[in-house]
Structures are given as structure tokens and as C-alpha cells.
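Welcome! Keep the model open beside you and work through the exercises below, trying each task before you read its solution.

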Amino acid sequence: MSSNTVDNAFFARFWTFMSAHEPESVRAWRREVLDGLSGRVLEVGAGTGTNFALYPDSVTEVVALEPERRLAPIAREAALSAPVPVTVSDSTIESLDAAEPFDAVVCSLVLCSVDQPEAVLQQIFSILRPGGELRYLEHIASAGARGRLQRVADATVWPKLFGNCHTHRDTERAIADAGFRPQTARHDLEFPAWVPMPVSEVAIGRAVKP
């Protein structure tokens, strides 16, 4: 096992089930994030490889990182039937040594779960070519009652159960603070507003390295 490998048995089983039963609304978000990509792409936190089948054929290569030791083999299986070449690595973004810059980086439901999102975003910024894009689909901090619920969840059992997920993060501000220039962004809800779940509001967007 790599020293950077993540071992979270409950989350791996949960995420394998959830990704196999993902609603079409979430698949549509994934397609939106990947639409128009080209060249060499780094995907951070590939999970079970849900994105792989959705990459456009203008992408020449995907390097996918998935450090959870139970999810990485599932992602490798998904890579075999992807329409573009995909290589799955169990490295973390923090330990990645990129020999050449990437044209784009994709983050899907992952920046909530890293220990230091600011450091991860700086690493992403450093391995993108000038003009390269960060595409993201991320759970974000909400306002009002849901925001209060998120803060309670983050301070108690939620990160322990769900792969270090922190629901109340201002990810879009962190992206801008890392030096990215936001291009497009919109918010949507995974569940109706009345459903008392910490994870519901998502940001779907594109930011560019100047």
C-alpha cells in the first residue's frame, strides 16, 4: 500500500453504492463540467471512475488520481471502457510530480474532502499550463438553516463517516484566492430545499489560470 493511500472502508462501500445509483441530474452536471475539454486532463479524486465515460473525444489523455485503496481498482475497471485513454493512479494530488503541465484539471465532489483545500488548489494551479482550466462540481457552504446544519455536521460525525467530507467550505472563494480567474459558475441543489441534508447545494463552474 502506498504511503499516500487512503483507507476508509465505510465511505468506500457507501460511495460505490451511490455512484452506481447516481441520478440523471448529477450525471448532467458531470457532462456540463466536462463539456468542451481537450488535450491532457488531470482528474483529482476520480472515485469509481464515474466521469470516465463522459469525456469528449477531444481529450487526448486523462490522468486520474484516486488514493482510496478500495475505489482505485473500480476506477481502473471503468477506465478500460472509457472513450479516451485513462490512467488511474493511487497518488494524492499533494504527492503528484507532474513532468509536464496539464491543459485542464477536473475536480468533482472532492475539494470538500481534502485536509488543506487551499494547498491543493495551489498545487493544481502550479501544474496547469497558462490558460489551462479548472473545471469543478463541488458541494459548497450554504446560508441560513442549512449552513448551521453544515457547521454542526462538520464538527461532529460527518467527516468521520463520509471520507473527510466538510460540507461548509467556501470553495469558490478558495479557487479565486489560489490565483484562478473565474469564468462561469452557477449553483444548483441536489435535493429540494426542504430536505435537511448538509450536502445539497453545489457549484458548477470553470476557472482559468491566467
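## Warm-up: the chain as a whole

The chain has an accessible surface of about 9900 Å², and carbon and sulfur atoms account for 55% of it; such areas come from the Shrake-Rupley method with a 1.4 Å probe, and for residues only the protein chains shown count as cover. This is a predicted model, in which local features need pLDDT of at least 70 and side-chain atom pairs count only at pLDDT 80 or more, while totals for chains, interfaces and linings use all residues. Residues are numbered from 1 along each chain as its sequence is written, and side-chain values use heavy atoms, with hydrogens and water left out.

## Exercise 1

**Task.** Compare the radius of gyration of the chain with that of a compact globule of 210 residues.

**Solution.**
- Start with the rule: 2.2 Å times the number of residues to the power 0.38, with the radius of gyration taken over C-alpha atoms.
- For 210 residues a compact globule would come out near 17 Å, and the chain has 16 Å, so the two agree.
- Next, take the box: along the principal axes, the C-alpha atoms fill roughly 45 × 35 × 35 Å.
- Then look at burial: 50% of the 210 residues count as buried, that is, under 20% relative accessible area with a 1.4 Å probe and protein chains only (exposed is over 50%, partly exposed in between).
- Finally, take contacts (heavy atoms within 4.5 Å): among those between residues at least 6 apart in sequence, 71% join residues at least 24 apart.

## Exercise 2

**Task.** Work out the strand order of the open sheet and find which strands stand at the edges.

**Solution.**
- Count the elements: the chain has 7 helices and 7 strands. They are DSSP runs numbered from the N terminus (helices H or I, at least four residues; strands E, at least two).
- Two strands pair if DSSP finds at least two bridges between them. The resulting order is E3-E2-E1-E4-E5-E7-E6, with mixed pairing.
- E3 (86-89) and E6 (181-189) each have a single partner strand, so one side of each lacks a neighbour in the sheet.
- At one edge, E2 (residues 59-65) runs parallel to E3 and is joined to it by 4 bridges; Leu-65 has Ser-89 of E3 as its bridge partner.
- At the other edge, E6 and E7 run antiparallel, joined by 8 bridges.

## Exercise 3

**Task.** Which residues stand opposite Val-208 in E7?

**Solution.**
- From E5, which pairs with E7 in the antiparallel sense over 7 bridges, take Glu-133, which stands opposite Val-208.
- Arg-181 also has Val-208 as its bridge partner in E7.
- Now check burial: 7 of the 8 residues of E7 are buried, so the strand is largely enclosed by the rest of the structure.

## Exercise 4

**Task.** Describe how Trp-158 and Phe-162 pair, and whether each is buried or exposed.

**Solution.**
- Apply the ring rule: rings of Phe, Tyr and Trp (its six-membered ring) pair if their centres lie within 6.5 Å; planes under 30 degrees apart count as stacked, over 60 as edge-to-face and the rest as tilted.
- This rule gives 6 aromatic pairs.
- Trp-158 and Phe-162 form a tilted one, 4.5 Å centre to centre with 45 degrees between the planes.
- Trp-158 counts as buried because its relative accessibility is 13%, and Phe-162 is buried at 17%.
- To finish, widen the view: Phe-10 and Phe-14 join these two residues in one aromatic cluster.
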